[in-house]
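Q: Could we go through this model together? I would like to begin with the overall fold and then turn to some of the strands.

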Amino acid sequence: MCIRDRIISGFFYGPKLSKLYRLSNLYDEKTIAYNFSNIDEVFEVSEPISASDSPHKFKKRDYTLPKTYFFEGEDRSFAEGLDHFKTDGMIVLHEGNLLYENYWNNNSADTKHIAFSVSKSFLSALVGIALEDGLIDSIADPITKYLPDFNGTGYEGVSIKNILQMSSGVEFNEDYADPNSDINKFGRAVAKGSSFRDFAKTLKQSKEPGTYHHYVSIDTQVLGFLLAEVTGMPLQDYLYEKIWNKIGMEDEAYYIVDNLGVEMALGGLNASVRDFAKFGQLYLNKGQWKGEQIVPENWVNASHNTDGPHLIPGESDLSSSVWGYGLQWWVPGFPDTDYTASGVYNQYIYVDPITKVVVAKTSSNHRFTAEKEYSKAAHVAMFRAIAKSISDNCLLYTSDAADEGLGVDLGGRRI
């Protein structure tokens, strides 16, 4: 039997081979959109995270997307941009009101779409809450204070803060286009049934922690282990208790899990675009929701504060990215007032505190590995065009969202 026949045979008769087959075709142009909204057919997943006991529905307001966005020295068609980047869903909020919502590629309002690394920003919020609750003494602590089994690995002695800021010094190749990269090895290991924890322990140190910004997805996974240790509960339960239920998430969600049932904290959250948008609104409101402080305000502020030379936006010998970085949130920069959660294949939660705009976007851009930096920069240009159009049009109205405690105080002025 040839290799191809063995793979096809495995697809029908062997669960693990079936998942490997699906994984090998996960990003194919013809199947990517379906796969990203049906990830439970590719990986093992958690039990559902329940919708909130009191689901929040956004108030709708009239708004039309700008026809163009300015990028690389010229005006470009917004509609063509959404199509080119294979947008699956997008929501625009202004002061907690729903201005725009649309779906493509057989997605809908209740589709559970893979968030990829947008999941990291949710994880960061939970770390901030655990710190506030006294479950973590200090983010200056070495991670091995709480996870002693990581002594002797690349994470030995590395501070929680350095891990949060993707400055752990751990060696890792995150190139999805390279079949031999660490991130692709990780995916294959998971599909074969390896545990996340065992994989994380194989990584080695290559730079002094806290001196160089380099994106290492496993850093976030280690933070997930930290949360499970200090809270004594699965990540999904802590997420539900501390955020999901409190901010009115209206749909169920789920995580990819390993063979031990441990959640993929680094990128395994699957949820609706509406609920991604709620999380963005929570951060726009500096962690408050209807008068309750859900995420500590100082943590929200620190999340998009580039507090070291290796974290500042721009070309630098101290970073492998031109974007700046906070606590599991990206700061595109120039200006550095807006920030975004960002996942591969163009998943985003964009927050602009100046115009009070939030954009949540899911995508299935099969071109991503070939145009990674281009697509990221283009999306920032698109989001900023949306924020500018809202500001320029001076949308004046009595904000129902503000009355419900979701708006932002602008000193009596409505943008």
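Q: What radius of gyration does the protein chain have, and what would a compact globule have?
A: This is a predicted model. The protein chain has a radius of gyration of 21 Å, and a compact globule with 415 residues would be near 22 Å, so the two agree.

Q: And what box do the C-alpha atoms fill?
A: Taken along the principal axes, the box is roughly 65 × 50 × 45 Å.

Q: How many helices and strands are there?
A: The protein chain contains 14 helices and 15 strands.

Q: What percentage of the residues is buried?
A: Of the 415 residues, 58% are buried.

Q: What about contacts between residues 24 or more positions apart?
A: Counting contacts with a separation of 6 or more, 68% of them in the protein chain join residues that are 24 or more positions apart.

Q: Turning to the surface, how much is accessible, and what share belongs to carbon and sulfur?
A: The accessible surface is about 16900 Å², and carbon and sulfur atoms contribute 49% of that area.

Q: How many positive and negative side chains are there, and how far apart are the centres of the two sets?
A: There are 39 positive and 56 negative side chains, with the two centres 3 Å apart.

Q: Now the strands. Is β5 largely enclosed or exposed, and why?
A: Strand β5, residues 97-103, is largely enclosed by the rest of the structure, because 5 of its 7 residues are buried.

Q: Which way does β5 pair with β4, and which way with β1?
A: With β4 (residues 87-94) the pairing is antiparallel, over 6 bridges. With β1 (residues 59-60) the pairing is parallel, over 2 bridges.

Q: What stands opposite Leu98 in those pairings?
A: Leu93 has Leu98 of β5 as its bridge partner, and Lys60 also stands opposite Leu98.

Q: How many residues lie between the strands in the hairpin of β4 and β5?
A: There are 2 residues between them, and Glu95 takes a positive phi near 50° in this hairpin.

Q: Moving on, what is the strand order in the open sheet of 3 strands?
A: The order is β6-β8-β7, and the pairing is antiparallel. The edge strands, β6 (113-114) and β7 (254-255), each pair on one side only.

Q: How many bridges join β7 to β8?
A: Strand β8, residues 269-271, is joined to β7 by 2 bridges. Tyr254 has Asn270 in β8 as its bridge partner.

Notes:
Residues are numbered from 1 along each chain as its sequence is written. This is a predicted model: local features need pLDDT of at least 70, side-chain atom pairs count only at pLDDT 80 or more; totals for chains, interfaces and linings use all residues. Side-chain values use heavy atoms; hydrogens and water are left out. Helices (H or I, at least four residues) and strands (E, at least two) are DSSP runs, numbered from the N terminus. The radius of gyration is taken over C-alpha atoms; the globule rule is 2.2 Å times the number of residues to the power 0.38. Buried means under 20% relative accessible area, exposed over 50%, partly exposed in between (1.4 Å probe, protein chains only). Contact means heavy atoms within 4.5 Å. Accessible areas come from the Shrake-Rupley method with a 1.4 Å probe; for residues, only the protein chains shown count as cover. Lys and Arg count as positive and Asp and Glu as negative; His and the chain ends are not counted. The place of a charge is taken as NZ of Lys, CZ of Arg, CG of Asp or CD of Glu. Two strands pair if DSSP finds at least two bridges between them.
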